[in-house]
Amino acid sequence: MANGLYIHVPFCLKKCLYCSFASYPVNRVLTETYLKALAREIKMYSLALSDTERTVSSLFIGGGTPSCLSVAGLKAVIEDLKSSFILLPECEITVEVNPGTVDEAYLSGLLEAGVNRLSIGIQALQDHLLEVLGRVHQAEQALTAVSLARKAGFRNLNLDFIFGIPGQTSADWLETLGGALALAPEHIAIYGLQIEEGTPLERAVARGQIAPCPEELELSMYRAAIDSLTGHGYEHYEISNFARPGRQCSHNLIYWLNNPYLGLGPAAHSFLRGERFSNETSIKRYSEKICREEYPIETREKIPLETEMAETMFLGLRLIKGIDLNMFYRRFDRRPEEIYRKEIAGLSKDGLVEFSRERLRLTGKGLPLANRVFREFV
């Protein structure tokens, strides 16, 4: 089984107001420290892992904003990875970029380095909503970024969008969906805005400066997206993701199938050899550990079999086609309908899941109530 490989780039021009991920303002000294440490971490794992564990079917460089790095810096990272890991010929290599941080030469450089998929964080096509989110780009720059990517030669694009933004109307969202379809990407991801604790947006809501989007409106936006995107030929294959035929995101499928992956860089997470572990969030501590030839791990947890089975259930239920019950049996030598008989019966009675001999999946009613379903398996 090939693994997934994730590289975390912890830099942004400016942190978005809703973001709770580990990121820092980009600067030359920190960037150099990070790149040197990352190169050494790549080498450490290349020497420690077996050939099977070093075999990679998908590489995802995310953040943060990877396009804050110079194209030469990203090229060097990719070259290190290619020489240290076994990237399969069909390996999906994705880099996240933000509008306003790239030009055609930069994107052409990524393509030359072997990147074959871009994920562009657009989020909204109305400038007033981008301002609410604290994004540093404007809608026109988003359209330009897509045009530049096509001109550079990219034939596999994902575009990210957010719904449920404070102040966003149904008309705004329909306009964004129409704009997304006009751009004709191979993949579209839509996310309901999560107002995370400790973020500037959460504090603004707590002070009454901003009113969160009503749940009923957010639900209607989600349903509108499903209708619009599937009506234009996109397959709704995961709760938040839509793709043209054959363009599903290979990397995210590894997560949803609860398969092994290795994360490198500050704050990166991994699931390997039956353990979940995460790296130091601080670039300083991350770099210092690597300089001492230590793995830069902050937390480590051995995953019991019962937990791995439960995680495989609720992650797999994110997929629209649901869980392959026979695959679950081959992996764990137990039938999920026997382990979770009571949970499945209750959810089926409530109309939230659909159970057949080969699959367990969310129903149309269960899709917007997915978190309630997932809790049954935790």
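Is Phe355 buried, partly exposed or exposed? I opened the notebook with this point, working on a predicted model.

**Entry 1: Phe355**

I found Phe355 to be partly exposed, with a relative accessible area of 40%. The cut-offs explain the label, because buried means under 20% and exposed means over 50%. I located Phe355 in strand β16, which covers residues 353-355. I then listed its contacts, leaving aside neighbours within four places in sequence: Leu325, Glu337, Ile344, Ser348 and Leu360. For one of these partners, Glu337, I also looked up the separation: 18 residues in sequence and 9.0 Å in space, C-alpha to C-alpha.

**Entry 2: Arg361**

I placed Arg361 in strand β17 (residues 359-362). With 26% relative accessibility, Arg361 counts as partly exposed. Not counting residues up to four places away in sequence, I recorded that Arg361 touches Leu317, Ile320, Lys321, Gly322, Leu352, Val353 and Glu354. Ile320 deserved a separate note: its backbone oxygen lies 3.1 Å from a polar atom of the Arg361 side chain. I also checked Arg361 against Arg207 and found them 154 residues apart in sequence and 40 Å apart in space, C-alpha to C-alpha.

**Entry 3: Thr307**

I found Thr307 in helix α12, residues 305-316. Thr307 is partly exposed, its relative accessible area being 28%. Its C-alpha atom is separated by 9.2 Å from that of Phe377, and the two residues are 70 places apart along the chain.

**Entry 4: nonpolar cores**

As background, I noted that nonpolar side chains tend to be buried together in soluble globular proteins. In this model I found that the largest nonpolar core has 90 residues. The residues with the most contacts inside that core are Phe85, Leu110, Leu118, Ile190 and Leu264. I followed up Leu110, which touches Val71, Leu74, Val95, Val97, Val115, Leu118 and Phe154 when residues up to four places away in sequence are not counted. I also registered a second, separate core of 12 residues, including Tyr18, Ala124, Leu129 and Leu133.

**Entry 5: Ser240**

I turned next to Ser240, in the loop between β9 (235-238) and β10 (241-243). Ser240 counts as buried, at 9% relative accessibility. Apart from neighbours within four places in sequence, its contacts are Ile188, Ala189, Ile190, Tyr191 and Arg318. Ile190 had already appeared in Entry 4, as one of the residues with the most contacts inside the largest core.

**Entry 6: helices α1 and α3**

How do α1 and α3 lie relative to each other, roughly parallel or roughly antiparallel? I read an angle of about 10 degrees between helix α1 (residues 28-48) and helix α3 (residues 71-84), with the axes 9 Å apart. The two helices are therefore roughly parallel to each other, since angles under 35 degrees count as such. On the α1 side I listed Leu35, Leu38, Ala39, Ile42 and Ser46; these meet Gly73, Val77, Asp80, Leu81 and Ser84 in α3. By class, I logged 6 nonpolar, 3 polar and 1 charged residues in this contact.

**Entry 7: Glu53**

I located Glu53 in helix α2, residues 51-54. At 18% relative accessibility, Glu53 counts as buried, because the cut-off for buried is under 20%. The Glu53 side chain reaches the backbone nitrogen of Ser50 at 3.0 Å. Leaving aside neighbours within four places in sequence, I found Glu53 in contact with Asn3 and Arg273.

**Entry 8: backbone geometry**

Most residues other than glycine have a negative phi, and most peptide bonds are trans. I therefore looked for departures from both tendencies.

Where is the cis peptide bond? I found that it joins Gly63 and Gly64, with omega at about 25 degrees. Gly64 sits in the loop between β4 (55-63) and α3.

I then recorded positive phi values. Gln123, in strand β6 (residues 117-123), has a phi near 75 degrees, although it is a residue other than glycine. Gln123 is buried, with a relative accessible area of 8%.

Ala267, also not a glycine, has a positive phi of about 70 degrees. I placed Ala267 in the loop between β11 (261-264) and β12 (269-272). Ala267 is buried, its relative accessible area being 18%.

Technical notes. Residues are numbered from 1 along each chain as its sequence is written. This is a predicted model: local features need pLDDT of at least 70, side-chain atom pairs count only at pLDDT 80 or more; totals for chains, interfaces and linings use all residues. Side-chain values use heavy atoms; hydrogens and water are left out. Helices (H or I, at least four residues) and strands (E, at least two) are DSSP runs, numbered from the N terminus. Buried means under 20% relative accessible area, exposed over 50%, partly exposed in between (1.4 Å probe, protein chains only). Contact means heavy atoms within 4.5 Å. A nonpolar core is a set of buried Ala, Val, Leu, Ile, Met, Phe, Trp, Tyr and Cys residues joined through side-chain atoms within 4.5 Å. Axes are lines fitted to C-alpha atoms, for helices over the stretch in contact, and angles run from 0 to 180 degrees between N-to-C directions. Angles under 35 degrees count as roughly parallel, over 145 as roughly antiparallel, 65 to 115 as roughly perpendicular and the rest as oblique. Ala, Val, Leu, Ile, Met, Phe, Trp, Tyr, Cys and Pro count as nonpolar, Asp, Glu, Lys and Arg as charged, and the others, Gly among them, as polar. A polar contact is a pair of N or O atoms within 3.5 Å; within protein, one must be able to donate a hydrogen and the other to accept it, and residues adjacent in sequence count only if both atoms are side-chain atoms.
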